[in-house]
Amino acid sequence: MSRLKGVAARDPRAGFRAERGGGGASSVPQGLLKAARKSGQLNLSGRNLSEVPQCVWRINLDIPEEANQNLSFSATERWWEQTDLTKLIISNNKLQSLSDDLGLLPALTVLDIHDNQLTSLPSAIRELENLQKLNVSHNKLKILPEEITNLRNLKGLYLQHNELTSIPEGFEQLFNLEDLDLSNNCLKTVPASFSSLSSLVRLNLSSNQLKNLPAEISGMKRLKHLDCNSNLLESIPSELAGMESLELLYLRRNKLRFLPEFPSCKLLKELHLGENQIEMLGAEHLKHLNSILVLDLRDNKLKSVPEEITLLQSLERLDLSNNDISSLPYSLGKLHLKFLALEGNPMRTIRREIINKGTQEVLKYLRSKIKDDGPSQNDSAIETAMTLPSESRVNVHAIITLKILDYSDKQTTLIPDEVFDAVKSNIVTSINFSKNQLCEIPKRIIELKEMVSDVNLGFNKLSFISLELCMLQKLSFLDLRNNFLNSLPEEMESLIRLQTINLSFNRTLLLDGNPFRVPRAAILMKGTAAILEYLRDRIPT
């Protein structure tokens with residue numbers, strides 16, 4: 001009689017006890033193996049194993065121990081009707097290698113071997129064609145076997161906290177992969193072929209040694225979460241701005257000095273840029289972030305915050321701490337922020353005691369100053385069309401390098417001709433005439449009708465929209481907030497590329513007397529808020 005039979009005869013619970021130490025079959029309770037044959041799942045985590053017992057690899061093949069005993073089997077205990085193992089967890093052990101016998105478990109869909117001491121994976125891993133989740137994190141892997149690219153059904157691959165220096169060729173064949181974690185390794189490059197991972201939703205590349213990202217990464221059309229924290233990135237490829245599905249972007253602790261624009265990232269909810277070397281935040285960086293909830297810019301070198309920060313109407317958390325900001329635009333108080341961090345800045349316009357009282361007190365203070373935000377007596381001379389070129393201060397540099405015609409915050413009633421003359425043969429895609437005293441839209445704006453896509457006329461005294469504006473063929477973004485508008489002309493329907501229009505802080509929007517089929521009359525009668533809500537709900541995403 002075997003030792004196990006003798007023990008079983010005396011104590012029916014003996015099969016569930018594991019002997020201490022070692023890594024043999026005795027380290028796996030027979031009761032666990034028996035249960036695994038029924039459920040298809042085996043959990044051997046935290047058992048001090050230095051090797052995987054052979055009985056585990058052969059669980060689908062060998063006749064179980066209890067079959068050799070003179071026992072009667074009930075209908076629920078027929079070992080010959082066992083289920084193949086589909087889930088194996090052997091994490092938190094002391095495994096230094098895995099046997100090629102791993103290939104004897106082809107039905108596995110989940111293999112979890114995190115927190116061991118593995119330096120490699122066996123080539124037999126190619127046999128696990130049904131595998132959907134593989135967790136090899138927190139080991140000592142230096143390379144991955146090429147055979148891993150045979151796992152075509154893999155959806156989750158977790159390789160964080162290893163010592164990987166490269167990715168095997170053919171990795172793009174894992175076309176069903178949705179979640180890939182390569183954080184805390186030693187990667188210096190990302191293969192351009194990653195663009196073929198078209199199902200990827202989440203990609204974590206944080207804490208590596210990446211100096212750049214391939215432009216091809218923009219080919220991941222379903223990617224929602226991209227984490228590149230703690231690398232050596234000095235720039236971001238402009239193609240990244242075309243990733244329409246991106247919702248979370250982490251770029252903390254890099255060496256970024258400039259920000260990309262995000263014209264297609266309409267769904268971006270969180271942008272984390274803390275602990276970089278960013279010196280400037282401009283309108284072009286903000287104007288497309290329609291859905292942003294969290295903007296982290298802490299520990300950079302920013303000296304100012306643009307007025308256009310108020311375009312971020314959905315913003316809830318703004319972290320500007322530890323920069324070089326001395327003042328804030330008062331209009332920031334109009335945002336519905338839940339959290340605003342300002343500590344570590346040389347603020348001169350907001351007293352320390354107000355900042356110490358927290359976000360809502362700061363916003364309240366900024367709102368209270370909006371009405372006082374006019375020109376000081378020393379600067380009260382109003383510029384007119386007669387202003388000399390030397391006085392008009394046209395930003396030619398912005399025209400040439402940023403393609404922006406900027407004549408904002410001049411408190412002028414007319415835009416000087418010299419401003420339009422300065423465009424010359426240059427291409428201009430954006431116009432900023434905000435924060436002036438304009439009562440009408442400059443007629444010469446029509447000269448730019450074939451190139452301009454963004455127009456900012458906010459904070460003026462416009463009471464009507466001229467036909468010249470309705471002829472800007474490429475107009476996609478229009479800011480008309482803080483004016484005196486109470487209606488919009490029918491001619492605006494010709495602006496077929498218009499995607500965003502900001503009409504906040506105008507007079508009531510009047511729509512009655514129009515033969516509307518959409519929205520219905522019942523919605524029109526509910527007033528402005530109901531109409532805007534109706535229209536927002538129908539914006540295509």
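**A look around the predicted model**

K142 is partly exposed, with a relative accessible area of 48%; here buried means under 20% relative accessible area, exposed over 50%, and partly exposed in between, with a 1.4 Å probe and protein chains only. The structure is a predicted model, so to speak of local features pLDDT has to be at least 70, and side-chain atom pairs count only at pLDDT 80 or more, whereas totals for chains, interfaces and linings use all residues. Residues are numbered from 1 along each chain as its sequence is written, and side-chain values use heavy atoms, with hydrogens and water left out.

K142 sits in the loop between strand 4 (133-135) and strand 5. Helices (H or I, at least four residues) and strands (E, at least two) are DSSP runs, numbered from the N terminus. Leaving aside residues up to four places away in sequence, K142 touches T119, E163, L164 and T165, where a contact means heavy atoms within 4.5 Å. K142 and N185 are 43 residues apart along the chain, and their C-alpha atoms are separated by 9.0 Å.

N185 turns up again with Q160, which lies in the loop between strand 5 (156-158) and strand 6 (179-181). The C-alpha atoms of Q160 and N185 are 6.6 Å apart, with their positions 25 residues apart in sequence. Q160 counts as buried because its relative accessibility is 15%. With residues up to four places away in sequence not counted, Q160 touches S137, H138, D181, S183, N184 and N185.

Now for the whole chain. The secondary structure comes to 11 helices and 18 strands, and 46% of the 541 residues count as buried. Of the contacts between residues at least 6 apart in sequence, 36% join residues at least 24 apart. The protein chain exposes about 27,100 Å², and carbon and sulfur atoms supply 48% of that area. Accessible areas come from the Shrake-Rupley method with a 1.4 Å probe, and for residues only the protein chains shown count as cover.

Helix 2 (residues 30-39) has G31, L33, A36 and R37 as its buried residues. An α-helix has 3.6 residues a turn, so residues three or four places apart point the same way. The buried residues of helix 2 pack against strand 1 (41-43) and helix 3 (54-57). After helix 2 comes G40, with a positive phi near 80°.

Positive phi also appears at residues that are not glycine. Most residues other than glycine have a negative phi. S230, in the loop between strand 8 (225-227) and strand 9 (248-250), has a phi near 55°. N322 has a positive phi of about 60° and is found in the loop between strand 12 (317-319) and strand 13 (339-341). The relative accessible area of N322 is 31%, so N322 is partly exposed.

Further along the chain, five strands form an open sheet in the order 14-15-16-17-18, with parallel pairing. Its edge strands, each pairing on one side only, are strand 14 (404-406) and strand 18 (500-502). From one strand to the next, the twist averages 5°; axes are lines fitted to C-alpha atoms, for helices over the stretch in contact, and angles run from 0 to 180 degrees between N-to-C directions. Two strands pair if DSSP finds at least two bridges between them. Strand 14 and strand 15 (residues 430-432) pair in the parallel sense over three bridges, and D406 has N432 in strand 15 as its bridge partner.

D406 and N432 show up again in the second largest pocket: together with P306, E308 and S408, they lie nearest its centre among the 38 lining residues. The elements that give two or more residues to this lining are helix 4 (283-286), helix 8 (396-402), strand 14, strand 15 and strand 16 (454-456). Helix 8 provides the largest share, four residues. The volume of the second largest pocket is about 950 Å³.

As for enclosed space, a search of the whole structure finds one cavity of 30 Å³ or more. The largest cavity has a volume of about 30 Å³, and its lining is made up of T310, Q313, K334, F459, R481, N482, S504 and F505. On a 1 Å grid over the protein atoms alone, a cavity is a set of points where a 1.4 Å probe fits but cannot get out, while a pocket is an open set with protein on both sides within 12 Å along at least five of seven lines; lining residues have an atom within 4 Å of a point. Grid points are joined across faces, edges and corners, and a volume is the space filled by probe spheres set on the points.
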